[in-house]
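Student: Could you walk me through this one? I'd like to go through it question by question.

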Amino acid sequence: TDVPEMKDLETPLEVSIWSWNWMEPPLGLASFVLLCMQYVRGQMLNLGMKPYTGWIKAYRGQKLANAFSQYDEKILIAYSETANFM
């Protein structure tokens with residue numbers, strides 16, 4: 001947006017009003033996107049689906065079980081889902 005003339009920016013209140021009007025659209029959009037993502041995650045949990053973190057842990061467990069096939073698959077998957085590798 002265009003910066004208003006100096007006569008319109010004489011007080012801190014006028015500057016803050018202009019800066020709020022300048023930043024509100026991107027902040028509102030970012031907040032709405034985060035809200036939608038939280039809603040989708042909540043609905044995934046309601047449906048019994050695994051959100052991204054659960055999917056990554058399951059993938060990591062399956063990869064570990066494939067790498068060490070001589071051990072029990074269920075124990076390896078359970079270990080990888082509870083162990084913190086980061």
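Here is our chat about the fold, its confidence and its helices.

Tutor: Quick ground rules: this is a predicted model, where local features need pLDDT of at least 70, side-chain atom pairs count only at pLDDT 80 or more, and totals for chains, interfaces and linings use all residues. Residues are numbered from 1 along each chain as its sequence is written, and side-chain values use heavy atoms, with hydrogens and water left out.

Student: In which helix is confidence lowest?

Tutor: pLDDT is the predictor's confidence in each residue, from 0 to 100, and the protein averages 88. H1 is highest, at 92. The lowest mean is 88, in helix H3 (residues 73-82).

Student: What is the radius of gyration of the protein?

Tutor: There are three helices and zero strands (DSSP runs, H or I of at least four residues for helices, E of at least two for strands, numbered from the N terminus). The globule rule (2.2 Å times the number of residues to the power 0.38) gives 12 Å for 86 residues. The protein is well over that, so it is more spread out than a compact globule; its radius of gyration, over C-alpha atoms, is 25 Å.

Student: How far apart are the end C-alpha atoms of helix H1?

Tutor: The expected span is 1.5 Å times one less than the number of residues. For the 35 residues of H1 (residues 12-46) that comes to 51 Å. The model agrees, with the ends apart by 48 Å.

Student: Where in H1 does the kink lie?

Tutor: Bend here is the angle between axes fitted to the seven residues ending at a residue and the seven starting there. The kink is about 40 degrees, shortly before the proline Pro25, and lies at Glu24.
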